[in-house]
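The questions below walk through one strand and its partners, and then through a pair of helices, in a structure that is a predicted model.

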Amino acid sequence: MNASANDLLTVRALRKTFDGFQAIRGVDFSIGHGRVHAVIGPNGAGKSTLFNLITGLDRPDEGEVTFLGSPCSHMSPASLCRRGMVRSFQKSNTFLGLSVFENIQAAIVSRSGEGWKIWPPLGRRFADEVQEIAEQVGIADKLDLLPEDLAYGYQRQLELAIALASRPRLLLLDEPTAGMSSTDTHRAVALLKRIVEDLNIVLLITEHDMGVVFSLAERIIVLAEGQIIADGNPEDIRANAEVKRVYLGKS
Amino acid sequence: MAVKTLDNKRNRLLMATALFLGLGAVPFFAPPFYVVFLNDALIIACLSMSLNLLVGYTGLISFGHAAYFGLGAYACGLLLKSAGLPFGVSLVAAGAFGGLGAAVAGFFCVRLNRVYFSMLTLAFSLIFWAICFRWNDLTGGDQGLSGIPYPNLTWISQMIGRPDFSSAQSYYLVSLVVVAICIAAMWIIVSSPVGLMLRTIRENEQRSTFIGVETRRVKLAIFIVAGTIAGLAGGLFAVFNRGVYPDFMYWTKSAEILIMALFGGIGSFWGPAIGSLTLLLLHQETVALTEYWSFALGVILLVLTLRFPSGLWGLFERFTNTRRSK
């Protein structure tokens, strides 16, 4: 699959070594069309490392990441976010001391370029947009609570709300259903499907739960020991013998 | 909801105005002794509130805040005494020097987190202190800088129709206005979009970068603002006390301000002011028993940390049962 200029994201010959351990050993792929892409692989395959390299949390030793046509391996997470690459985290990662409302409001303020304004006072500004996003993810009745008062599933939904408030073009979700009950998982999958359709966002997810992966993703990239061993649509991946051996066979 | 918010805002503004007018009335009826005490208390309250911008709002625990207070004090004192500049200019310069010092130190400090940030602020404060302590020709070294000329403030006493006002009484009014302006500026900052960005950094700096906040720049900016206000406070303090001494910027002074802020409660805007006022009163009362002051401070800190981590303001809120807000 050759990279083309109008690809959203291109990852080329990416390598990363931690203390002699080769976490990522030459990864190439690009995201051009299609809505939901998934990266799967056994524990330690390098999924989270790959996410961290793409989103600017870590710097690659070699190779390059290109987002919307410009190389971005040197960019900070903050400037990537402003360009439309937004991520969530594996563990629930919100602003614990701020209300749900403020969590979402903060992301809107930052995105809209008002983060440096000292006048006028903020108050409940952007309340309509906060409300709209909260409704999209189903936490509209919880705006005055603190994140710690939310059930785990709702905390993850809040995280999604924060991500959406940044108006992503590409949204990377690291294990969006990790730790959820099966009810919460079903709800989260339905929610993600709806959001992708409604908001015209491209999703790149990592996920352990194969049920989630096969019901969401149009394309699956299989990572093992830091390398891509298969890349294709769900049917191909299901039929792929090597994938079965290293991954599906084990579970 | 909107109406309630508006009411709250109006109430707060009314209370702040009442406080300002009440404090402004003090020299008209209170004995000079209280005016002198209150003048220092106002300045120190402003200083610990500026520290709270860092500690309470941004989660940056600075152990070296007195350095910027001291830089402002020396700058103001020297410009008045050696350069013979007018008081107003010297005071503005005090703020500028505090801010400049904070910009230099902050440039490095904001690159580090948690205890490493704190240690670096401490290191810079020791360096600034050592420079002022050793530069005998300029600062008077360990003898300090004394004999700072007092500004002529008769225009104030004439303006308010009280020609009998002493210079200290007039100066108190200057302090009050400058401190009020600083506090208003801090209130505007913490209520603004920037204020919310500060709190995202406090709560989760990494997440903050992933909503697009350039956290280092924001931290540096607030560090400079806090340093500027500390510098202004230092300038006011130096002139009123007619001297600047290296103690002003020693690390124990930084610790004292931090304790005041914690004592009052860093979870609120006014907490640090309450904390400094209470501790200064306590100090005033035990001044004859100087050797017990450190002991008292230690006990207060102990009880505070173990029993009331949200400080005096937290206690106050628990009793009045008002909603927690910032």
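Q: On the two sides of β8(A), which residues are buried?
A: In this predicted model, β8(A) spans residues 202-206 of chain A, and 5 of its 5 residues are buried. In a regular strand the side chains alternate between the two faces of the sheet. Both faces of β8(A) are covered, with Leu203(A) and Ile205(A) buried on one side and, on the other, Val202(A), Leu204(A) and Thr206(A).

Q: Which residue of β8(A) is the bridge partner of His37(A), and which is that of Leu172(A)?
A: Strand β3 (residues 36-40) of chain A runs parallel to β8(A) and is joined to it by 4 bridges, while strand β7 (residues 170-174) of chain A, also parallel to β8(A), is joined to it by 5 bridges. His37(A) has Leu204(A) as its bridge partner, and the partner of Leu172(A) in β8(A) is likewise Leu204(A).

Q: What is the handedness of the β-α-β crossover from β7(A) to β8(A)?
A: Between the parallel strands β7(A) and β8(A), the chain passes through helix α6 (residues 182-199) of chain A. The β-α-β crossover made in this way is right-handed.

Q: How are α9(B) and α11(B) oriented to each other?
A: Helix α9 (residues 193-203) of chain B meets helix α11 (residues 215-240) of chain B through residues including Met197(B) and Ile201(B) on the α9(B) side and Val218(B) and Ile222(B) on the α11(B) side. Their axes come within 10 Å and cross at roughly 115 degrees, and the crossing is left-handed. The two helices α9(B) and α11(B) are therefore roughly perpendicular.

Conventions:
Residues are numbered from 1 along each chain as its sequence is written. Chains are lettered from A and ligands numbered from 1 in the order in which they are written. This is a predicted model: local features need pLDDT of at least 70, side-chain atom pairs count only at pLDDT 80 or more; totals for chains, interfaces and linings use all residues. A residue is buried if 20 or more other C-beta atoms lie within 10 Å of its own, exposed if 12 or fewer, and partly exposed in between; C-beta atoms are placed from the backbone. Two strands pair if DSSP finds at least two bridges between them. A crossover is right-handed if, with the strands pointing away from the viewer, the path from the first strand over the helix to the second runs clockwise. Axes are lines fitted to C-alpha atoms, for helices over the stretch in contact, and angles run from 0 to 180 degrees between N-to-C directions. Angles under 35 degrees count as roughly parallel, over 145 as roughly antiparallel, 65 to 115 as roughly perpendicular and the rest as oblique. A crossing is left-handed if the near helix is turned anticlockwise from the far one by less than a right angle, and right-handed if clockwise. Two residues are in contact if their C-beta atoms, placed from the backbone, lie within 7 Å.
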